Amino acid sequence: MKSPAVISVIIPAFNEENGIGQVIAEIPKEIVHEIIVVNNASTDNTEHIAQKAGATVLREPIPGYGRACLRGIDYLIKSKSHPDIVIFLDADHSDYPEEIPQLINPILANNVDLVIGSRALGNKEKGSMTTQQIFGNWLATRLLKLFYKVRFTDLGPFRAIKFRSLVALDMQDKTYGWTVEMQLKAAKKKMKCMEVPVRYRKRIGFSKISGTIKGTVMAGYKIIGTIFKYL
């Protein structure tokens, strides 16, 4: 059954040759108009596999999760026709792409602007998130509630947003602060936000952020810094 909305999926990908093909294969093609994989300085076969799987592949040569997302948004803005909804999804097969309908339904049915797939409300496979990730999400969402008066349980990367709302947010962060920037800006602009429970599993391959002490510290520093930056 086709969705009445035009939906695009943006997948930032840095050396995810082992997971990207499965992620693309599991996206429900009957409701998604275009799958955009942003090759973020990969040195493996991520780009080739994504192209072979039918995705539109863009290149962002400078590493950075936010940079890759911005590259995808810029592509959509410059396209002849714009989507109604944009989905952000990780390339490591930790999310469940088949749950996309759960994220877009609140937008279609209740005119919600931003829907976060919450791992905290859903079922997490044992070992899919590190202790520091769980604590970091807990702390960041408490700070969002304290300073921005918005209730979230997660900064999950799996999310859906109206395209016009996404453009209105004027996203800027180029690295780890991307997800929290979107949520706090949506709160500041009084957008209608909600969460839906999603499942989460162990990623394929090694995490470049939570898999290292340096990555974890840098991500935590950037997330907290972004929360205070927009006060």
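Biologist: How many aromatic pairs does the structure hold?

Modeller: The structure, a predicted model, holds three aromatic pairs.

Biologist: Why is Arg119 said to lie over the face of Tyr200?

Modeller: A charge sits over a ring if CZ of Arg is within 6 Å of the ring centre and within 35 degrees of the ring normal. Arg119 is at 4.9 Å from the ring centre of Tyr200, so the distance condition is met. Arg199 lies over the face of Tyr96 at 3.9 Å from the ring centre, so that value also satisfies the limit of 6 Å.

Biologist: What makes strand 3 and strand 7 the edges of the sheet?

Modeller: The open sheet has seven strands in the order 3-2-1-4-6-5-7, with mixed pairing. Strand 3 (56-59) and strand 7 (193-197) each have a single partner strand, so one side of each lacks a neighbour in the sheet. From one strand to the next, the twist averages 20 degrees.

Biologist: Why are strand 5 and strand 6 called paired?

Modeller: Pairing requires at least two bridges. Strand 5 (residues 114-118) and strand 6 (residues 159-162) have three bridges, in the antiparallel sense, and therefore count as a pair. Leu114 has Ile161 of strand 6 as its bridge partner.

Biologist: Which strands does helix 3 touch, and which does helix 4 touch?

Modeller: Helix 3 (residues 65-78) packs on the sheet against strand 1 (7-13), strand 2 (34-39), strand 3 and strand 4 (85-88). Its direction makes about 150 degrees with that of strand 1. Helix 4 (residues 100-110) also packs on the sheet, touching strand 1, strand 4, strand 5, strand 6 and strand 7. The direction of helix 4 makes about 30 degrees with that of strand 6.

How values were computed: Residues are numbered from 1 along each chain as its sequence is written. This is a predicted model: local features need pLDDT of at least 70, side-chain atom pairs count only at pLDDT 80 or more; totals for chains, interfaces and linings use all residues. Side-chain values use heavy atoms; hydrogens and water are left out. Rings of Phe, Tyr and Trp (its six-membered ring) pair if their centres lie within 6.5 Å; planes under 30 degrees apart count as stacked, over 60 as edge-to-face and the rest as tilted. Helices (H or I, at least four residues) and strands (E, at least two) are DSSP runs, numbered from the N terminus. Axes are lines fitted to C-alpha atoms, for helices over the stretch in contact, and angles run from 0 to 180 degrees between N-to-C directions. Contact means heavy atoms within 4.5 Å.
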